[in-house]
Amino acid sequence: MRPFAALIAASGLALLVGWPGISGLRAADYGQMGQTFPIIETDLLTTIETRLRTLEANGGIERMQRQMQEQAVASVRRPKPVDGMAPASVKREWLFDPSIVTEDDIVDAKGNLIAARGTRVNPLDMVQLSQALVFVDGDNAAELAWAVKTWSDARAKIIFVSGSPFDAMKPWQRRFYFDQGGTLTAKFGIRHTPAVVSAAGANLKISEVPLPPAAAAPARAPVLSGGGKVS
């Protein structure tokens, strides 16, 4: 056999070119090699459609929708409490520098350079904190009463770390906020309430304030009179 012919045969190409001796081969039925079973699995889409029709017929879909709506409303009215918070037992104070270092050039709408990459920028050099931020446990009546009586609506924003800001708005007749996901308390390093964040020049002053025994006693929210005023 010539080298070229041997290479073709060895590589299996003889099957494709009809090499002599190969053309005589014929296909054969070797029978069943093992036990077989019919395919009886139900189509997935058919299964899903059947279940949905069953739920629709017995009111299951409507119940699921209502449950989802109730859960969504509940999560908005009473968000998940911030983890790791506890009432302040000792007074702590420290300064927080809000400065950042720019990772890219910052330009205005016209392309004018405001701050080059790597510039240290302190937001308080441009805008001062006009209102203090007061963090409280909204489920602690004493903390909430202390915050409302100490800080007017114009002087501070009262921010809950637990409880329902919505439920507290009506009896106290002012707006409350919530530290969603503990973003602010984590940034400032706050672990105890009440805590106050206020302006201090180029820094922010953060204070965790333990309540005096009298203030720490249970306090009730004010009751609205017929005229809608706090009594």
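This report walks through a predicted model, from its sheet to its helices, its loops and its largest pocket.

## Ground rules

The model is predicted, so local features need pLDDT of at least 70 and side-chain atom pairs count only at pLDDT 80 or more, while totals for chains, interfaces and linings use all residues. Residues are numbered from 1 along each chain as its sequence is written, and side-chain values use heavy atoms, with hydrogens and water left out.

Helices (H or I, at least four residues) and strands (E, at least two) are DSSP runs, numbered from the N terminus.

## The sheet

Six strands build an open sheet. Their order is 2-12-11-7-8-9, and the pairing is mixed. Two strands pair if DSSP finds at least two bridges between them. Strand 2 (92-96) and strand 9 (177-178) each have a single partner strand, so they stand at the edges with one side lacking a neighbour in the sheet.

Strand 2 runs antiparallel to strand 12 (residues 203-208), and five bridges join them. R92 has E208 of strand 12 as its bridge partner. Strand 7 (residues 132-137) is parallel to strand 8 (residues 156-162), with six bridges. Here L133 stands opposite K157 of strand 8.

How much of strand 7 is buried? Buried means under 20% relative accessible area, exposed means over 50%, and partly exposed lies in between (1.4 Å probe, protein chains only). Five of the six residues of strand 7 are buried, so the rest of the structure largely encloses it.

## Helices 5 and 6

Helix 5 (residues 141-150) has seven of its 10 residues buried, so it too is largely enclosed by the rest of the structure. The buried residues are A142, E143, L144, A145, W146, A147 and V148. N140 caps the N-terminal end of helix 5. A side-chain oxygen of N140 lies 3.1 Å from the backbone nitrogen of A142.

In helix 6 (residues 165-172), the buried residues are P165, A168 and W172. Seen down the helix axis, they fall within an arc of 65°, so they line one face of helix 6. That arc is taken from the directions from the helix axis to the C-beta atoms.

## Two loop residues

Q173 comes just after helix 6, in the loop between helix 6 and strand 9. Its phi is near 55°, a positive value in a residue other than glycine. Q173 is partly exposed, with a relative accessible area of 46%.

P194 sits in the loop between strand 10 (192-193) and strand 11 (195-200). The peptide bond from T193 to P194 is cis, with omega near 0°.

## Helix 7 and the largest pocket

T185 lies in helix 7. T185 counts as buried, at 1% relative accessibility. The backbone oxygen of G182 lies 3.2 Å from a polar atom of the T185 side chain.

The largest pocket holds about 160 Å³ of space. A pocket is an open set of points on a 1 Å grid over the protein atoms alone, where a 1.4 Å probe fits, with protein on both sides within 12 Å along at least five of seven lines; lining residues have an atom within 4 Å of a point. Its volume is the space filled by probe spheres set on the points, which are joined across faces, edges and corners.

Which helix gives the most to this lining? Helix 7 (residues 183-188) does, with three residues. The lining includes L133, L184, K187 and F188. By type, the lining has 10 nonpolar residues, one polar and one charged. Ala, Val, Leu, Ile, Met, Phe, Trp, Tyr, Cys and Pro count as nonpolar; Asp, Glu, Lys and Arg count as charged; the others, Gly among them, count as polar.

Key. A polar contact is a pair of N or O atoms within 3.5 Å; within protein, one must be able to donate a hydrogen and the other to accept it, and residues adjacent in sequence count only if both atoms are side-chain atoms.
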